[in-house]
Amino acid sequence: MTDRRYAFLFEKDVSGEAVSIDCETTGLDPWQDEIVAVAAIPIRDGRILTSGRYEALVRPTGPVGATSIKIHQLREIDLAKARPMAEILPELMAFIGPRPLVGYYLEFDVAMLNRYLLSAANIHVPNRLVEISRLYYERKYGDAPPGTEIDLRFSAIAQDLGVPERPVHDAFNDALMAAMMYVKLIDYIARGIRIPRTRNWDP
């Protein structure tokens, strides 16, 4: 580790909390693309603490392409007055601390953060990761017979869990929906509830 400011990430987590996180980016290559928005929302005892969230726009060092603008609606002019990731990263990681991270396709968000952390401190995100689609798969498809059609799309999971849909590809909305999914799935796990699958009966 080259920057001791991040040593707290390796401390034992005793908070009993988790943090739902989502990043909007200029593309899908963690080594080439950049974060343009990030949101992190604490979760404690089944409650989603939106009032205590961390949320920020990020000014990238390079251009924002038309394809990514169509997805997250963030233009270069929208990000012109935002701070660079070099300023936001220490705040964001201090907010997260050693708490577990929750998200959908979380591996990608963490890979994006790793790019900046490697540059700043020569470390990867050490936090425990809780992938929403994996929890959902276990609850719905964990005992499914071979050949079962599996749908792990974000919208499909939200609909199946009764999570109200919000406009997607917005860091706060996506983090909030992931948090709501997590709370429901953790409750199902605690109570031993499985998610029913539609049966296709022969005529």
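In which loop does histidine 169 lie? In this predicted model, histidine 169 belongs to the loop that runs between helix 6 and helix 7. The backbone at histidine 169 has a phi near 60°, a positive value in a residue that is not glycine. With a relative accessible area of 39%, histidine 169 is partly exposed. To place this loop in its surroundings, it is useful to begin with the chain as a whole.

The chain contains seven helices and six strands. Read from the N terminus, the order of elements is β-β-β-β-α-α-α-β-α-β-α-α-α. The radius of gyration is 18 Å, close to the 17 Å that the globule rule gives for 203 residues, so the chain is as compact as a globular protein of that length. Along the principal axes, the C-alpha trace spans about 60 × 40 × 30 Å.

Several totals describe how this chain is packed and what it presents outward. Of its 203 residues, 45% count as buried. Among contacts with a separation of 6 or more, 66% come from residues 24 or more positions apart. The exposed area of the chain is about 11,200 Å², and carbon and sulfur atoms supply 52% of that area. As to charge, the chain carries 24 positive and 28 negative side chains, and the centres of these two sets lie 4 Å apart.

The UniProt record, an unreviewed entry, assigns the annotation "domain: Exonuclease" to residues 17-191. Over residues 17-191, the chain is 45% helix and 18% strand. The C-alpha atoms at the two ends of this stretch are 19 Å apart.

Attention may now turn to helix 4, which covers residues 106-121. Alanine 111 has its place in this helix. Its relative accessible area is 22%, a value that makes alanine 111 partly exposed; the cut-off for a buried residue is under 20%. Alanine 111 and leucine 101 are 10 residues apart along the chain, and their C-alpha atoms are separated by 13 Å. In the loop between helix 4 and strand 6 one finds asparagine 122. Asparagine 122 has a positive phi, near 60°, although the residue is not a glycine. Asparagine 122 is partly exposed, its relative accessible area being 48%.

Strand 6 comprises residues 129-131, and helix 5 comprises residues 132-141. How many of the 10 residues of helix 5 are buried? Seven of them are, so helix 5 is largely enclosed by the rest of the structure. These buried residues are Ile132, Ser133, Leu135, Tyr136, Arg139, Lys140 and Tyr141. The elements that cover them include strand 5 (101-103), strand 6, helix 6 and helix 7.

Serine 133 gives a closer view of that setting. This residue has its place in helix 5 and counts as buried at 16% relative accessibility. When neighbours within four places in sequence are left aside, serine 133 is in contact with Tyr104, Leu152 and Ile157. One of these partners, Ile157, is among the buried residues of helix 6.

Helix 6 spans residues 154-161, and its buried residues are Phe154, Ala156, Ile157, Ala158 and Leu161. Against which helices do these buried residues pack? They pack against helix 5 and against helix 7, the latter formed by residues 171-191. Just after helix 6, glycine 162 takes a positive phi of about 70°. The loop between helix 6 and helix 7 is also where histidine 169 lies.

Helix 7 is the place of phenylalanine 172. Is phenylalanine 172 buried or exposed? At 12% relative accessibility, phenylalanine 172 counts as buried. Leaving aside neighbours within four places in sequence, the contacts of phenylalanine 172 are Ala39, Ile41, Thr50, Arg53, Glu55 and Arg166. Phenylalanine 172 and isoleucine 21 are 151 residues apart in sequence, yet their C-alpha atoms are 8.3 Å apart in space.

Key. Residues are numbered from 1 along each chain as its sequence is written. This is a predicted model: local features need pLDDT of at least 70, side-chain atom pairs count only at pLDDT 80 or more; totals for chains, interfaces and linings use all residues. Side-chain values use heavy atoms; hydrogens and water are left out. Helices (H or I, at least four residues) and strands (E, at least two) are DSSP runs, numbered from the N terminus. The radius of gyration is taken over C-alpha atoms; the globule rule is 2.2 Å times the number of residues to the power 0.38. Buried means under 20% relative accessible area, exposed over 50%, partly exposed in between (1.4 Å probe, protein chains only). Contact means heavy atoms within 4.5 Å. Accessible areas come from the Shrake-Rupley method with a 1.4 Å probe; for residues, only the protein chains shown count as cover. Lys and Arg count as positive and Asp and Glu as negative; His and the chain ends are not counted. The place of a charge is taken as NZ of Lys, CZ of Arg, CG of Asp or CD of Glu. UniProt positions are given in the numbering used here, feature names are shortened, and annotations may be inferred rather than shown by experiment.
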